[in-house]
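Got the viewer open? Keep the selection box handy, and we'll hop from one stop to the next.

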Amino acid sequence: MRPSILNSLFIPVENVPRVGLKLGRLVKALCGPCVSDVLWHLPSGVNHRPRIEKRQDIVFGQLGTLEIQVVSHISPPTHRQPYRIVCESLGETLELVFFNYRKSYLQTKYPPNQRLWVSGKIEPQGTGIKILHPDYIADSPDKIPVFEVIYPQSRGVTSKLLRRILSYVLPAVPELPEWLDAAFQAKNRLPFWTQALDEAHHPKTEQDLAPKNPARLRLAYDEILANQLALMLIRQQATRKKGVSIHPTGFLTQKLIASLPFQLTKAQQRVLIEIQQDLSSEAQMTRLLQGDVGSGKTIVALLSALSVIEDGFQAALMAPTDILARQHFAKIEDLCRPLGISVAILTAREKGAERNRILTELADGRIQLLIGTHALLTEQVSFHKLGLAIVDEQHKFGVNQRLALIQKQKGVNLLVMTATPIPRSLALTAYGDMDSSRLDEKPAGRQPIETSVMPISKIPELTERLCERIRTSPTKVQAYWICPLVEESEKTDLAAVKKRFSELQQVFGNRVGLVHGQMKGAEKDAVMEQFASGQLDILVATTVIEVGVDVKSATIMIIEQAERFGLAGLHQLRGRVGRGSDKSLCILMHGPHLTDTAKERLRIMRETDDGFVLAEEDLKLRGAGEILGTRQSGLPDFKMADISVQGDLLWTATKDAQTILSLDPKLESPRGKALRTLLYLFKKDTEIQTLKSG
């Protein structure tokens, strides 16, 4: 039950005076449903409106507040022309210009000879000055703020509205018990929580908006500490959950390893030991496996599944797309057939008698390894004895989806995998409740992919070179050609995959294939099979082929409008080539107008193919907010903290959380009880319930 001291912070935003249902809906969409969500919506800027008393103090294009005397009104003949109020200020003519106006209101409100104060952006006007649509007109300078806070806003929710809401909300913020360590607070000169909140909403300068400002630092630390404590409480509870304990003979895994045409890397061997230790323990395994593109996650997953199968259990592997699931199935079935292991696939495409057969054989244990998509989560899917659930490309799934798979039976071990390396700081905040393994080594024989950058205007030249390469190469040459959109739109200049497909067909004829997300599964699979079998030389596609697609003879990757992709997306696409022993190329094509960030992104792509390095650089370039904005499911949506620039806070908060729970695992001390308030404050209710049940 939430502490009553926090009740005022959890009032629905529409219940704030002068908000109501209509505005409340808009504020909810921008900030969140409660008063506390508005409090976490911190300012993004500050307007300084200095009072100008001398003509030489005016800076054109800047805000200023002036005393004026109204001289006359100039009413235009039509409403399409601006209305002007001629005034005198600082010994010269000043015009107030209005484009949207009510003539009668202006004439009544500001009659000639009236002395007023006006504030707005001051611009030159002939021999005088002007202010277009003044922000303030008042009878006293005290009614015009010298410093005015600017908030991130959206249609219908202005900074003015947010300031008004906060004028009611901030005074009602309760004094909460202090949860910070006194020595830490003093050393870093951090204000008390209520004071920090008030100061953060009343900045006076741009420096007050900086992440290192004490008020902002305090609030960011609190938010991160709440997140890390919550994750550790979940992990603390999880380690007490009894899992399916696996004790394999090693016969199947050793037989498979001996049959492989390559040796496992040291990284693969290390990760397999970590997974085996988890599986053999009494606690339920929850492990994140990060592997760079081409690092061999699938073999690690299969060997882990075989360990479970050796001990009489079943395993399941869930992939985000039909294409990836079928590719896994084809590769894994080939490897398992000589071992006598029964493997099946279940997606939305398996229907009728075939689907019923799979469900029956799964329920009675004849199917030992099931590969599929979201279809594995349906109620009809019932396992005989599930011991391990593997979730591939986990960021494509929601947290609830991956948990639904292990809830099929009690104590199921969970291995989640991603080929999209996550920056260490984000991994720590998103997956602190899981053990983590990294495959940071690529198999021997893999050649580095040569990456080049060229303007999109050179497409004709590139097409000609590609045609020559395909025609004259002594070995098979295949290429991916990636476009961001399916169809052209009048609102964007992005290349359309259908248009590019049509143009390339004119050069390469029926040796070009097309794959995009709007095609039916069977259509996509048919084209992919043609490409994989070498019937097609070029596959024009959207990012539907971003993950998992494995065609060893494809050695050229062309990406149009590469500047529109993030580093992680570009790296994933580049990883579709370089999967064999032949030299591979990646060509990043860009539009004519590149931002500094886009230039830097392309430079980094050209210089490194290390996904973990790229993940850290992506965080620096885009910030945590934008990376989280891609909704990599499970990543925290921080409102006050920006761990791309406040990473040091993350490490400090993580260490503090570890220390706190080692000394007070149930948060029963006075500080522990204050920290319970912090957890409720940041809506960590699930974690609180976990704590209570523990």
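Select strands β17 (residues 478-482) and β19: they run parallel, joined by four bridges. Strands here are DSSP runs of E with at least two residues, helices are runs of H or I with at least four, and both are numbered from the N terminus. Two strands pair if DSSP finds at least two bridges between them. Zoom in on A479, whose bridge partner in β19 is I538.

Before moving on, some housekeeping: this is a predicted model, where local features need pLDDT of at least 70, side-chain atom pairs count only at pLDDT 80 or more, and totals for chains, interfaces and linings use all residues. Residues are numbered from 1 along each chain as its sequence is written, and side-chain values use heavy atoms, with hydrogens and water left out.

Next, add strand β18 (residues 512-515), which pairs with β19 in the parallel sense over four bridges. Here V512 is the residue standing opposite I538. Now trace the chain from β18 through helix α17 (residues 521-532) to β19: this β-α-β crossover is right-handed. To check that by eye, point the strands away from you; right-handed means the path from the first strand over the helix to the second runs clockwise.

Which residues of β19 (residues 538-541) lie on each side? Colour I538 and V540 for one face, L539 and A541 for the other; all four are buried, so both faces of the strand are covered. Buried means under 20% relative accessible area, exposed over 50%, and partly exposed in between (1.4 Å probe, protein chains only).

Jump to helix α7 (residues 214-238) and pick L229. Is L229 buried or exposed? Its relative accessible area is 0%, so L229 is buried. Leaving aside neighbours within four places in sequence, L229 is in contact (heavy atoms within 4.5 Å) with A657, I660, L661, L675 and L679. Draw a distance between the C-alpha atoms of L229 and L661: you should get 8.1 Å, although the two are 432 residues apart along the chain.

Now for two cysteines. C31 counts as buried at 7% relative accessibility, and C586 does too, at 0%. Don't go hunting for disulfides (pairs of cysteine sulfur atoms within 2.5 Å): the count is zero.

Finally, zoom out. The protein chain has 23 helices and 21 strands, and 53% of its 694 residues count as buried. Among contacts with a separation of 6 or more, residues 24 or more positions apart account for 73%.
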